[in-house]
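Q: Please take a close look at one part of this structure. I would like a connected account of one helix, its residues and its neighbours.

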Amino acid sequence: MIANQTELSEKRLQLLRSGNKADPVLGKLVCSCNNVGSENIRKKIDEGCTNLKDLCATSGAGMGCGSCRPEVKRLLEEALNNLSLAKAV
């Protein structure tokens, strides 16, 4: 593709995600490497991801440069705290 001077911008995410179609960014952009938004991350937590390693692996956030991992961890902790509070009521 590079040798043929094919513009990759539209295909970049598909190529980087091994051919899987990327989910649309939902919420505030958290991971610019893999275009993952805060609501994408919360959705994965709601689907059962309760630890940082699994959350990063399933959402794609934090799997590039890693600079977003603190924000991903914060979102996870916030969601788990809210879940604990809801169960206590």
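A: Asparagine 40 is a good place to start. Leaving out residues up to four places away in sequence, asparagine 40 touches Asp23, Pro24, Val25 and Leu26. Keep in mind that this is a predicted model.

Where does asparagine 40 lie? Its home is helix α2, which spans residues 38–46. Is asparagine 40 buried or exposed? Its relative accessibility is 10%, and buried means under 20%, so asparagine 40 counts as buried. The side chain of asparagine 40 also makes a polar contact. Its partner is the backbone nitrogen of leucine 26, at 2.7 Å. Leucine 26 is also in the list of residues that asparagine 40 touches.

Valine 25 is on that list too. It sits in the loop between α1 (12–16) and β1. Along the chain, valine 25 and asparagine 40 are 15 residues apart. In space, their C-alpha atoms are separated by 6.8 Å. With residues up to four places away in sequence set aside, valine 25 touches Asn35, Val36, Gly37 and Asn40. Valine 25 has a relative accessible area of 37%, so it is partly exposed.

Asparagine 35, one of the residues touched by valine 25, deserves a look of its own. It belongs to the loop between β1 (29–31) and β2 (36–37). What is its phi? Asparagine 35 has a positive phi of about 50°, although it is not a glycine. Most residues other than glycine have a negative phi. Asparagine 35 is partly exposed, at a relative accessible area of 26%.

Back in helix α2, turn to serine 38. Serine 38 counts as buried because its relative accessibility is 8%, and the cut-off for buried is under 20%. Which residues is serine 38 in contact with, leaving aside its neighbours within four places in sequence? They are Leu26, Gly27, Lys28, Val30 and Leu75. Leu26 is touched by asparagine 40 as well. Leu75 belongs to helix α4.

That brings in the other helices. Two packed helices are described by the angle between their axes and the distance between the axes.

Take α2 and α4 first. Helix α4 covers residues 69–88. The axes of α2 and α4 come within 10 Å and cross at roughly 50°. That angle makes α2 oblique to α4. The crossing is right-handed. Which residues meet here? From α2 come Ser38, Ile41, Arg42 and Ile45. From α4 come Val72, Leu75, Leu76, Glu78 and Ala79. By class, this contact has 6 nonpolar, 1 polar and 2 charged residues.

Next, α2 and α3. Helix α3 is made of residues 52–59. The axes of α2 and α3 come within 10 Å and cross at roughly 120°. Why are they called oblique? Roughly perpendicular ends at 115 degrees and roughly antiparallel starts over 145, so a crossing at roughly 120° counts as oblique. The crossing of α2 and α3 is right-handed. On the α2 side are Ile41, Lys44 and Ile45. They meet Leu55, Thr58 and Ser59 in α3. This contact divides into 3 nonpolar, 2 polar and 1 charged residues. Ile41 and Ile45 appear in the contact with α3 and also in the contact with α4.

The remaining pair is α3 and α4. Their axes come within 10 Å and cross at roughly 110°. That makes α3 roughly perpendicular to α4. This crossing is right-handed. Leu52, Leu55 and Cys56 in α3 meet Arg69, Val72, Lys73 and Leu76 in α4. The classes here are 5 nonpolar, no polar and 2 charged. Leu55 takes part in this contact and in the contact of α3 with α2. Val72 and Leu76 meet α3 and also α2.

Now set helix α2 in the whole chain. How many helices and strands are there? The chain has 4 helices and 2 strands. From the N terminus on, they run α-β-β-α-α-α. The chain has 89 residues, and 24% of them count as buried. Among contacts with a separation of 6 or more, 33% come from residues 24 or more positions apart.

Definitions and conventions: Residues numbered from 1 in each chain as written. Predicted model: local features only at pLDDT ≥ 70, side-chain atom pairs only at ≥ 80, totals over all residues. Heavy atoms only, no water. Buried < 20%, exposed > 50% of the residue type's maximum accessible area, 1.4 Å probe, protein only. Polar contact = N/O pair within 3.5 Å; in protein donor to acceptor, adjacent residues only side chain to side chain. Contact = heavy atoms within 4.5 Å. Axes fitted to C-alpha atoms, helices over the stretch in contact; angles between N-to-C directions. Parallel < 35°, antiparallel > 145°, perpendicular 65-115°, else oblique. Left-handed = near helix turned anticlockwise from the far one by under 90°. Nonpolar A, V, L, I, M, F, W, Y, C, P; charged D, E, K, R; others polar.
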